Amino acid sequence: MSASHQLNPPDESRARPDEPQFAQRRSHTLPDPLNLSRFAAWAALLALHIALGMWFMRDTEPSFQDRLGGHKTPLNHAANSATEMVAMPASGAAATGFPLDDAWIHLVYGRSIATSLVPRYNESAEAGFTSVTWMLVCAIAHWLSWATGLNIGVSLKLLGIMTGAAMSIGVFEVVVALSSARLAATAAAIMCGATPLLAFSQVSGMEVCLAGACGLWAVVAIEREKWLSAGVLISLAFWTRPEFILLGMIVGMAAPIVWRGAVFCERRPALRRLSIPLGVAGLLWAGYCLLTTGHPLPNTFYVKFSTAHPAESLVSIVREILWPMPSNWLGAGAVLAAIGAAQLTRRPRFAGLVVLAFPLIFTLATAVSRDIPRGAGGADGGFAPLLQAYTHGMPEVRGGYFYWTRYAAPIIPFLFVWLGIGTSRLIPGQATHAGIPASKTASAGRGRLALAALGALLVLMAAWTYPRRLAERRMDFAWNCDNINASQVAIGHWVNNNVAPQKAVCVNDAGAIRYFGRRRTIDLVGLNAHELAFDRPALHRMRSDAAAMHDFAKSRDVAYLIVFPSWFAQLLDSPEVEARFGLVRVFRVDRYTISPGEQAVTIVLSPR
């Protein structure tokens, strides 16, 4: 500390939060990691996630075969029967299955890492994965499964539950770091962990909770001035979900705002420790993609990136995914979050600016880069019940379609940080620091009671609909897993039993069919076949011209074409399709809940 600072200590009420004196003062007020209340909060959150995870993994409805009196249609029945109604094995589906085929794609790469340390989809390395970190988690799940005999689905779900707990504990730690309000932090973390979409996500076999956990703990590291740790955690978040590169960009933009003048010069080494890990992570990933595909980004970016309907996507995210969360019943959560956001802007500090800006920028970026249609949030999403034409008579999925809601899910924990800080302002006796002073109104007895009553009312309102919404989301989860087991998983086993080892299959859902089929699999969407991802004209011709598809299949030694008719309508309408292909099987799902549309039917064609 300089002599001038020693002789003239600054007024603490006006000192910038990142000056040395503030850091020294704050180090004495940060909670002790071994404090009993912190341990109790962590234990409660871990128990909550384990309980919810185990509950989601239990069956919720009789299986389709039970409703048929125990009859189950065999997969390998007489060849002259072209159509089969696949019995939906709800028994065990929620425990061992996944609600999206994408989870099985992660497991294809994870199995390859676990066996060869190379991320292969078929025989060679591929850039079809968008989550490096989750691919490594899938590899760990395989090692755990092989060591213990657990089903691979159960192994990955257990690891997912741990990431969910880390996410909620991260919410608790960020709120405590920014307000010292442990009661408010505990309430916010519990509501976050019990949010139906996040409870669904932690056992979905997807990376949502891990991305949120890495981002939140990066904020904790920033608040504690652990700059290298923050940089590593931001890099892991980026490797988990590429959109989290925005977190690193926000940190870079916030630094000159908070560290002004001479302080910024002094903090340049800290900024380097923050940025170097992210730069290394980005170069490693881009280098791998360049070596593998000749392009610097994963295949998914080139296939799925879309700027077609940003306004519609933004409305869907806000009105159908974020606003109808049970924590926002009658707008209670929005009121608390708005109070918290206002507090974060009053006396901005580094971690507070990051927490404030990231959800806003992430939401806008998701809306610009993803087509999230109206109805993605489900019938409870603030709109009227889904249009009959949109659902084609399928049952309502009231919790929303995870196929789309997963893209917005990683920002939800950050919104609960806002909510927790807002709650801390209404709870008397919650001493605060880090630029968020305790409410002056709370010093008066009647004011304290009024604030306490208001805070309690808003929290109770926010939690009012949780039980019903969790039960609905659990039902959706079980049926989604059932759908994947009855279609893609069943087809994968059929491929393994009926396709010669030297043959290949062409598919549009490239996860479970590749994982269980264990045959060379050509992804006609291009996500796991970069030669198709970067040759869109040829792919378009194949999807509309039976002759072009037939020539491609013959050149690749393809035994079967396994696709959704709705995705290849032009091909099936082609006048040459009957001359070029023969219909082998039609797989149907009785009750399709993964997304609205006509994907309940999968056909198997054989090139003549």
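## Briefing: surface patch and a β-α-β unit

The accessible surface of this protein comes to about 24,300 Å², and carbon and sulfur atoms account for 63% of that area. Please keep in mind that you are looking at a predicted model. The protein holds 30 helices and six strands, and buried residues make up 57% of its 608 residues.

**Overall contacts**
- Among contacts with a separation of 6 or more, 77% are between residues that lie 24 or more positions apart.

**The nonpolar surface patch**
- Leu46, Ile50, Met54, Leu150, Leu158 and Met162 together form a nonpolar patch on the surface, with about 430 Å² of accessible area.
- Two or more residues of this patch come from each of helix 3 (36-56) and helix 8 (152-179).
- The most is given by helix 3, which supplies three residues to the patch.
- Met162 has its place in helix 8.
- Is Met162 buried or exposed? Met162 falls in between and is partly exposed, because its relative accessible area is 41%, while buried means under 20% and exposed over 50%.

**Strands 2 and 3**
- Strand 2 (residues 504-507) and strand 3 (residues 520-523) run parallel and are joined by four bridges.
- Which residue in strand 3 is the bridge partner of Val507? That partner is Asp523.
- Helix 25 (residues 512-517) belongs with these strands: strand 2, helix 25 and strand 3 make a right-handed β-α-β unit.
- As general background, side chains in a regular strand alternate between the two faces of the sheet.

Terms used. Residues numbered from 1 in each chain as written. Predicted model: local features only at pLDDT ≥ 70, side-chain atom pairs only at ≥ 80, totals over all residues. Heavy atoms only, no water. Patch = residues over 30% accessible without salt bridge, like charges linked within 9 Å, V, L, I, M, F, W, Y side chains within 5 Å. Areas by Shrake-Rupley, 256 points an atom, 1.4 Å probe, with all protein chains shown as cover. Salt bridge = Lys/Arg side-chain N within 4 Å of Asp/Glu carboxyl O. Buried < 20%, exposed > 50% of the residue type's maximum accessible area, 1.4 Å probe, protein only. Pairing = 2+ DSSP bridges. Right-handed = clockwise from strand over helix to strand, strands pointing away. Contact = heavy atoms within 4.5 Å.
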